Amino acid sequence: MHIIKRAAMPSWKAWLIRLAAILLSLIVSGLFVMFVTKLNPISVYIEMWKGAFGSSRKIWNTAQGTAILLCISLAVTPAFKMRFWNIGAEGQVMAGCIGTAAVMILFGNKLPTFWLMVCMVAASVASGIIWALIPAIFKANWNTNETLFTLMMNYVAIQIASYLSTVWENPAGSAHIGVINMNTGKGWFPAIFGHEQTINILIVAVLTAVMFVYLKYSKHGYEIAVVGESENTARYVGMNVKKVILRTMALSGAICGIAGLIIVAGKDHSLSTTSAGGQGFTAIMVSWLAKFNPLMMILTSLLIVFLERGAGAIATSFRINDSIADIVTGIILFFIIGCEFFVNYKIVFGNKGAKQ
Amino acid sequence: MSTAALELKNVTKRFGNILANNNVSLTVNKGEILSVLGENGSGKTTLMNMISGIYYPDEGHIYIDGKEVLIHSPRDAFNHGIGMIHQHFKLVDVFSAAENIALGFDEPGRFDLKEVSKKVSEISKKYGFNLDPSKKIYAMSVSEKQTVEIIKVLYRGADILILDEPTAVLTPQETEKLFKILRSMRDDGKAIIIITHKLHEVLEISDRVTILRKGEYIDTVETSKTNEAELTEMMVGKKVSLNIDRTEPKDPQKRLTIQNLTVISPDGTKVLDNVGFTAKSGEILGIAGIAGSGQRELLEAVAGLQNIADGKITYFDPSSGKAESLRNKTPLQIRDLGVRLSFVPEDRLGMGLVGNMDITDNMMLRSYKSGKTVFLEKKPPKSLAEKIVEELEVVTPSISTPVRRLSGGNVQKVLVGREISSNPTVLMAAYPVRGLDINSSYLIYNLLNRQKENGAAVIFVGEDLDVLIELCDWILVLSSGRVSGMIPARGAKKEEIGLMMTARGK
């Protein structure tokens with residue numbers, strides 16, 4: 001049995017393989033569910049679908065969840081394209097959340113709404129940038145390992161949030177921050193067309209378009225690609241590699257900051273150690289699955305959010321262990337990621353034509 | 001009467017859809033030197049790897065001393081008396097010659113390094129090697145390391161020796177010495193296969209020549225009954241003229257002066273020591289030297305990619321005659337001075353180009369900053385890509401194919417094409433024909449010549465001394481980071497340059 005690399009495959013064929021992989025994953029996880037829980041897999045899938053798209057409220061929430069995950073994925077993409085392994089999006093989002101919450105709590109009743117919003121945006125973006133730039137500066141100047149550094153920065157951010165929960169506790173003695181400005185609604189994003197999710201989705205839609213153009217058509221985007229592919233080539237043509245690294249990480253951090261802003265001002269109206277909720281890590285998968293293409297990320301983030309919500313729904317409605325839902329999600333993702341192998345390689349059985 | 005030591009019959013090897021060897025047959029007799037001649041990608045190395053047990057043939061038969069054998073592993077090959085000397089040496093640096101020779105060879109009885117050394121000395125004496133068995137590998141020159149590799153296979157009792165491009169790393173003097181040894185081994189009854197693409201060496205050393213082209217067996221001829229032109233034609237598949245038109249320099253002007261240039265590597269050694277020379281417009285300055293004598297650092301220092309410890313690099317503007325110092329300037333600052341400096345680096349896909357990007361995007365490397373907006377201008381690089389593909393006959397499915405998918409020659413055409421598209425006043429090229437077939441090589445030589453005629457000062461780092469002598473106007477020889485001489489190329493002797501390559505610099 002040999003594994004042979006394929007020549008380039010026509011894209012319709014590649015999509016056919018991906019479609020087949022999804023169907024196969026549904027069959028395999030269906031058999032698994034049937035075998036373990038004795039439930040009808042079809043009704044499980046229907047329940048999953050309902051969990052994500054079952055009602056207008058659920059559709060809005062799924063769309064908002066997709067938007068937030070997409071926003072963080074957009075943030076990690078330029079760094080990954082540059083082969084800067086930023087796994088600190090979680091912490092950078094937390095930093096953005098903290099910045100936003102701080103302004104809402106400290107200035108909520110002191111500033112007019114417009115200036116309050118300006119300060120919230122500035123604070124969230126600045127915190128995200130600071131959190132991303134610290135490891136970038138060390139990487140650019142002393143070539144430290146960015147993976148470990150960004151990972152550790154996550155825990156620092158989470159601990160700060162934990163500390164602030166006691167400083168700004170509300171109600172007193174609860175050791176966590178309840179809804180910020182509950183009575184006044186100061187610093188909350190306004191509802192548009194009757195839905196408070198609209199503005200969050202719009203912000204991310206604009207960001208997606210901007211990032212797509214930035215990465216594909218701008219000089220900065222080109223520099224990011226060249227530095228990522230080969231630092232030697234970048235130096236050879238005179239790019240300032242250090243500057244590109246710092247600038248790109250600042251951008252990454254800024255978008256993470258905006259994600260934090262959306263989470264606190266547009267969705268939770270609160271701050272906790274789980275505000276980012278692991279999405280900083282999930283975003284890495286979203287970005288890779290979409291091969292760093294912002295438009296494809298709309299689909300991949302939707303897929304992940306759908307799986308999460310759907311799995312949560314079957315866990316509650318069939319009163320089965322949460323883990324079954326996670327296993328189903330895992331099987332589906334395994335097939336989707338695994339099928340890329342068959343897009344790039346083919347397997348030949350036997351030793352064709354060999355004579356001895 | 002000679003008898004066949006090794007015979008290959010109708011051997012075929014496929015890699016996926018690629019036919020690396022198709023129905024190749026070859027015979028080497030005892031007491032004979034056979035050359036296997038072919039261009040890069042013609043299947044020479046694949047064929048030899050099947051003899052030495054690294055690959056297993058898909059079809060065909062191998063006979064040793066008339067008996068059919070199956071060679072599944074390098075150990076099988078050893079047991080059949082086959083020894084391969086690879087192009088890249090496989091030696092342990094901190095071990096001595098004798099230790100390396102004994103390594104991995106299970107002799108019955110107690111391990112006795114003295115006994116090994118004694119046997120090594122015997123082999124050395126028999127064939128005329130000059131080797132100290134107790135010398136450590138890291139203290140050895142390239143040619144000494146090669147000697148260790150050859151003695152290693154002889155020590156294990158090999159009767160069939162395969163040498164893969166053995167002269168690529170040697171000076172002419174060392175090559176001469178190696179050939180002498182090969183002849184004495186032949187006279188001792190060994191069968192020797194030597195892989196090469198240097199025609200004059202084929203004619204000098206071998207008794208017969210087997211020619212491969214694109215994986216196909218072409219013919220086997222007796223060396224005494226053939227000539228360079230005929231061999232080339234068989235190797236390339238069509239008649240090629242092997243002449244480089246060297247024109248007389250027109251009105252050479254001082255363009256680039258290097259004075260007392262010293263570059264210190266991160267580990268503290270002087271990779272360039274007090275180097276100085278002048279490159280003139282309308283001339284090709286060749287740089288010769290053993291690999292790693294400071295050629296790369298020299299070109300990179302001029303291009304603004306090396307930290308310079310000491311010395312001056314001065315550029316003279318062709319129109320104004322103004323002198324500009326290029327020392328410790330970045331490539332961008334150099335270009336901002338109006339200096340049209342082009343550089344074809346040794347590492348094409350790791351430095352000159354981005355392998356995963358297509359031809360258009362690679363054209364953009366030099367020009368992406370043009371235009372006032374923050375957006376890229378894709379049209380000029382696209383038309384440049386189309387022009388280069390057409391004019392230099394780059395074989396590619398389209399200009400949106402990633403360059404890593406192209407063959408070595410086509411990659412180099414893309415790189416050289418981009419670098420000369422800016423009408424450079426200084427053009428530096430490091431080993432621009434390495435790994436290229438004959439046709440592509442001559443195309444590159446012609447492109448360099450055209451730049452020279454256009455008035456560029458061309459600096460050409462090469463490894464084939466015959467080419468340097470034929471192509472260049474001047475030859476500068478580097479030895480361990482120092483200049484050991486600069487001579488006019490017309491009338492230069494290979495032996496003279498060879499001596500300078502190993503001499504201690506002035």
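How many salt bridges does the rule find across the interface of domain 1 of chain A and domain 2 of chain A? Read on; point 3 has the reply.

1. Before you start. This is a predicted model, where local features need pLDDT of at least 70 and side-chain atom pairs count only at pLDDT 80 or more, while totals for chains, interfaces and linings use all residues. Side-chain values use heavy atoms, with hydrogens and water left out, residues are numbered from 1 along each chain as its sequence is written, and chains are lettered from A and ligands numbered from 1 in the order in which they are written.

2. How chain A is divided. Chain A splits into domain 1 (1-39 + 321-356) and domain 2 (59-319), with bounds that come from an automatic or database domain assignment. Twelve residues from domain 1 of chain A and twelve residues from domain 2 of chain A make the contact (heavy atoms within 4.5 Å). The C-alpha centres of these two domains of chain A are 32 Å apart.

3. The salt bridge in chain A. The rule finds one salt bridge between domain 1 of chain A and domain 2 of chain A, where a salt bridge is a side-chain nitrogen of Lys or Arg within 4 Å of a carboxyl oxygen of Asp or Glu. Look for Glu340(A) and Lys291(A), which form a salt bridge with their closest N and O atoms 3.0 Å apart.

4. What gets covered in chain A. The size of an interface is often given as the accessible area lost when the parts come together. Domain 1 of chain A and domain 2 of chain A bury about 930 Å² between them, with 84% of it on carbon and sulfur atoms; buried area is the accessible area (1.4 Å probe) that two parts lose on being put together, summed over both. On the domain 1 side of chain A, the residues that lose the most area to domain 2 are Ala325(A), Thr329(A) and Leu333(A), together 37% of what that side buries.

5. The same question for chain B. Here the assignment gives domain 1 (4-236) and domain 2 (251-340 + 425-434 + 458-506). Their C-alpha centres lie 36 Å apart, and four residues of domain 1 of chain B are in contact with nine residues of domain 2 of chain B. These domains of chain B bury about 610 Å² between them, 63% of it on carbon and sulfur atoms. Of the area that domain 1 of chain B buries there, 61% comes from Thr171(B), Pro172(B) and Gln173(B), more than any other three residues supply.

6. Polar links inside chain B. Zero salt bridges turn up across the interface of domain 1 of chain B and domain 2 of chain B. The rule does find two residue pairs in polar contact there (both at pLDDT 80 or more). A polar contact is a pair of N or O atoms within 3.5 Å; within protein, one must be able to donate a hydrogen and the other to accept it, and residues adjacent in sequence count only if both atoms are side-chain atoms.

7. Where the chains meet. In all, 38 residues of chain B are in contact with 26 residues of chain A. Chain B and chain A bury about 2,500 Å² between them, 57% of it on carbon and sulfur atoms. The rule finds zero salt bridges across this interface of chain B and chain A, but 19 residue pairs are in polar contact between chain B and chain A (both at pLDDT 80 or more).
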